[in-house]
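User: Hi! I have a chain open on my screen and would like a hand reading its fold. Could you walk me through it?

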Amino acid sequence: MTLLAPPRTRRSVQSSDLSRHAKQVFAAAEEEPLEVTRRDGKPLVLTTKERSDDDDAVLEIAAQLIAAVTVNEQLPLHDRLAVPYPWIKLLSRDDQKRFAREIVDVARGSFSLRQPRRLLLEMQAWRNSAEAIAAGWGARDPEVLEAPVAVERP
């Protein structure tokens, strides 16, 4: 038995509600995308720019993942992912492999639940790790203090 993602349902408002109750409609659109129905045209979706930008970013990641998974299958996936994401080469070899597995798993899971934000967070976490490595974090062992140091309250 195959479980499918639940059908997408959107809260719907009429275009006249948008003109009469703009403040409430905009507030609702900040919470979730709204379908704006019109008598004289196709329905529109009202959402925030942030959500729209996130959707664009998710589509870009999905396109890169599909390309990496389907192209040059002789190479390991982590090497194929280094083409669109060269920063993963800053990670250890084991972390590169873990990145490849996790990013595909998270993509599949978040897409199946229609929660793509999780994919963006995962990708950003891995990128942040690569940036920290590039900045020198973790290059040497931390200094262990003999005794606690008292600091003033900020």
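Analyst: Happy to; we can start with the overall make-up and then turn to the sheet and the helix contacts. One thing to keep in mind is that this is a predicted model.

User: Great. How many helices and strands are there in the chain?

Analyst: The chain has six helices and three strands. Reading from the N terminus, the order of elements is β-α-α-β-β-α-α-α-α.

User: And is the chain compact or spread out?

Analyst: It is more spread out than a compact globule, because its radius of gyration is 22 Å, well over the 15 Å that the globule rule gives for 154 residues. Along the principal axes, the C-alpha trace spans about 70 × 55 × 30 Å.

User: Thanks. On to the sheet: in what order do the strands sit?

Analyst: The order is β1-β2-β3, in an open sheet with mixed pairing. β1 (11-14) and β3 (41-46) are the edge strands with a single partner each, so one side of each has no neighbour in the sheet. On average, neighbouring strands are turned by 30 degrees against each other, ignoring direction.

User: Mixed, okay. Which pairing is parallel and which is antiparallel?

Analyst: β1 pairs with β2 in the parallel sense, over four bridges. β2 (residues 34-38) pairs with β3 in the antiparallel sense, also over four bridges. In general, strands of a sheet pair through backbone hydrogen bonds, in either a parallel or an antiparallel way.

User: Which residues could I click on to see those pairings?

Analyst: For the parallel pair, try Ser-12, whose bridge partner in β2 is Glu-35. For the antiparallel pair, Val-36 has Leu-44 of β3 as its bridge partner. Another spot to look at is Arg-38, which stands opposite Gly-41 in β3.

User: What links β2 and β3, then?

Analyst: These two strands form a hairpin, with two residues between them.

User: Nice. Changing topic to helices: how do α5 and α6 pack?

Analyst: Helix α5 (residues 93-112) and α6 pack at an angle of about 165 degrees, and their axes are 9 Å apart. That angle makes α5 roughly antiparallel to α6. Their crossing is left-handed.

User: Which residues make that contact?

Analyst: On the α5 side they are Asp-95, Arg-98, Phe-99, Glu-102, Ile-103, Val-106, Ala-107, Ser-110 and Phe-111. From α6 come Arg-118, Leu-119, Glu-122, Met-123 and Trp-126. By class, the contact divides into eight nonpolar, one polar and five charged residues.

User: How about α3 and α6, at what angle do those cross?

Analyst: Helix α3 (residues 49-70) and helix α6 (residues 117-134) cross at roughly 70 degrees, with axes that come within 9 Å. The two are therefore roughly perpendicular to each other. The crossing of α3 and α6 is left-handed.

User: And the residues there, what are they and how do they split by class?

Analyst: α3 brings Asp-54, Ala-57, Val-58 and Ile-61, while α6 brings Arg-117, Leu-119, Leu-120 and Met-123. The contact of α3 with α6 has six nonpolar, no polar and two charged residues.

User: Perfect, that gives me plenty to look at. Thank you!

How values were computed: Residues are numbered from 1 along each chain as its sequence is written. This is a predicted model: local features need pLDDT of at least 70, side-chain atom pairs count only at pLDDT 80 or more; totals for chains, interfaces and linings use all residues. Side-chain values use heavy atoms; hydrogens and water are left out. Axes are lines fitted to C-alpha atoms, for helices over the stretch in contact, and angles run from 0 to 180 degrees between N-to-C directions. Angles under 35 degrees count as roughly parallel, over 145 as roughly antiparallel, 65 to 115 as roughly perpendicular and the rest as oblique. A crossing is left-handed if the near helix is turned anticlockwise from the far one by less than a right angle, and right-handed if clockwise. Contact means heavy atoms within 4.5 Å. Ala, Val, Leu, Ile, Met, Phe, Trp, Tyr, Cys and Pro count as nonpolar, Asp, Glu, Lys and Arg as charged, and the others, Gly among them, as polar. Two strands pair if DSSP finds at least two bridges between them. The radius of gyration is taken over C-alpha atoms; the globule rule is 2.2 Å times the number of residues to the power 0.38.
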